[in-house]
Structures are given as structure tokens and as C-alpha cells.
Amino acid sequence: MSQRLSENTIATLDATAGILLRCFIITVGAMLFTWLVFLIFGDFAYWIYSQMIEITRKEFDLFILYVMTFMKGVNVMFFLFPFIAIKWYLRGQR
């Protein structure tokens with residue numbers, strides 16, 4: 001049987017969960033902002049990238065899709081899953 005956590009430890013874990021949730025929400029907001037920028041200024045962004053490197057529009061769109069998918073995966077793995085795990089653990093302690 002596991003030992004009961006102190007109130008200080010529970011408060012620390014609860015604060016950590018709150019921080020993780022805020023990080024998740026901020027990252028979702030950043031991804032939405034990035035999506036809006038590329039939705040509105042996609043041609044301009046492609047023009048800038050095509051001046052720096054030789055890239056087709058299809059490759060550029062695919063690159064943006066990969067970056068957004070990677071950001072979503074990292075956001076869920078590093079912020080949402082730990083938040084859920086901490087909340088789940090704390091629910092068992094109370």
C-alpha cells in the first residue's frame with residue numbers, strides 16, 4: 001500500500017498540473033496563430049522561403065503540415081499527458 005502524500009506535496013503536484021495545463025493551452029493558441037498566419041499569408045511565406053531555398057509549393061505545404069503535426073504531438077506528450085497523469089494520481093490520493 002502506498003504512503004499517503006502530505007498536503008504540501010499534493011499542493012505542489014496540483015500547482016504543477018495547473019502549469020502544465022496552461023502550457024498546453026498556450027501551445028494550442030500558438031499553433032492556432034501559426035495556422036492563421038499561414039492561412040492568411042501563405043503565399044507571402046512561401047515566397048520568402050522560396051527565395052532562401054529551392055522548394056516547390058507542394059513541398060512547402062507538406063513542411064508546414066509536418067511542423068504542425070510535430071508541434072501537436074509534442075504538446076500532447078509533454079503537457080497534456082503529464083497533466084492527466086498528475087490529476088489521475090491525485091484523485092486516487094484524495
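**Why these labels? A chat about a predicted model**

Student: Why is Arg 4 called exposed?

Tutor: Arg 4 has 54% relative accessibility, and the cut-off for exposed is over 50%, so Arg 4 counts as exposed. Keep in mind that this is a predicted model. Arg 4 is found in the segment before helix 1.

Student: What does Arg 4 touch, leaving out residues up to four places away in sequence?

Tutor: Gln 93 and Arg 94. Ile 26, on the other hand, is 22 residues from Arg 4 in sequence and 33 Å from it in space, C-alpha to C-alpha.

Student: And Asn 75, how do you know whether that one is buried or exposed?

Tutor: Same kind of check. Asn 75 comes out at 1% relative accessibility, and buried means under 20%, so Asn 75 counts as buried. It's found in helix 3.

Student: Which residues is Asn 75 in contact with, beyond its neighbours within four places in sequence?

Tutor: Cys 23, Phe 24, Thr 27, Val 28, Met 31 and Leu 80. Take Met 31 from that list and look from its side: apart from residues up to four places away, Met 31 touches Met 68, Met 71, Lys 72 and Asn 75.

Student: What makes Met 31 part of a nonpolar core?

Tutor: Core members have to be buried residues of certain kinds, Met included, joined through side-chain atoms within 4.5 Å. Met 31 belongs to the largest such core, along with Ala 45, Tyr 46, Ile 55, Phe 60, Ile 64 and Met 68, making seven residues in all. Two or more residues come from each of helix 2 (42–52) and helix 3 (57–93), and helix 3 gives the most, with three. There's also a second, separate core of six residues, with Ala 17, Leu 20, Ile 86 and Leu 90 among them.

Student: Why are helix 1 and helix 3 called roughly antiparallel?

Tutor: The axes of helix 1 (residues 7–40) and helix 3 cross at roughly 165°. Angles over 145 degrees count as roughly antiparallel, so that label fits helix 1 and helix 3. Their axes come within 9 Å, and the crossing is left-handed.

Student: What kinds of residues, by class, does the contact of helix 1 with helix 3 have?

Tutor: There are 24 nonpolar residues, plus four polar and three charged ones. As background, nonpolar side chains tend to be buried together in soluble globular proteins.

Methods: Residues are numbered from 1 along each chain as its sequence is written. This is a predicted model: local features need pLDDT of at least 70, side-chain atom pairs count only at pLDDT 80 or more; totals for chains, interfaces and linings use all residues. Side-chain values use heavy atoms; hydrogens and water are left out. Buried means under 20% relative accessible area, exposed over 50%, partly exposed in between (1.4 Å probe, protein chains only). Helices (H or I, at least four residues) and strands (E, at least two) are DSSP runs, numbered from the N terminus. Contact means heavy atoms within 4.5 Å. Axes are lines fitted to C-alpha atoms, for helices over the stretch in contact, and angles run from 0 to 180 degrees between N-to-C directions. Angles under 35 degrees count as roughly parallel, over 145 as roughly antiparallel, 65 to 115 as roughly perpendicular and the rest as oblique. A crossing is left-handed if the near helix is turned anticlockwise from the far one by less than a right angle, and right-handed if clockwise. Ala, Val, Leu, Ile, Met, Phe, Trp, Tyr, Cys and Pro count as nonpolar, Asp, Glu, Lys and Arg as charged, and the others, Gly among them, as polar.
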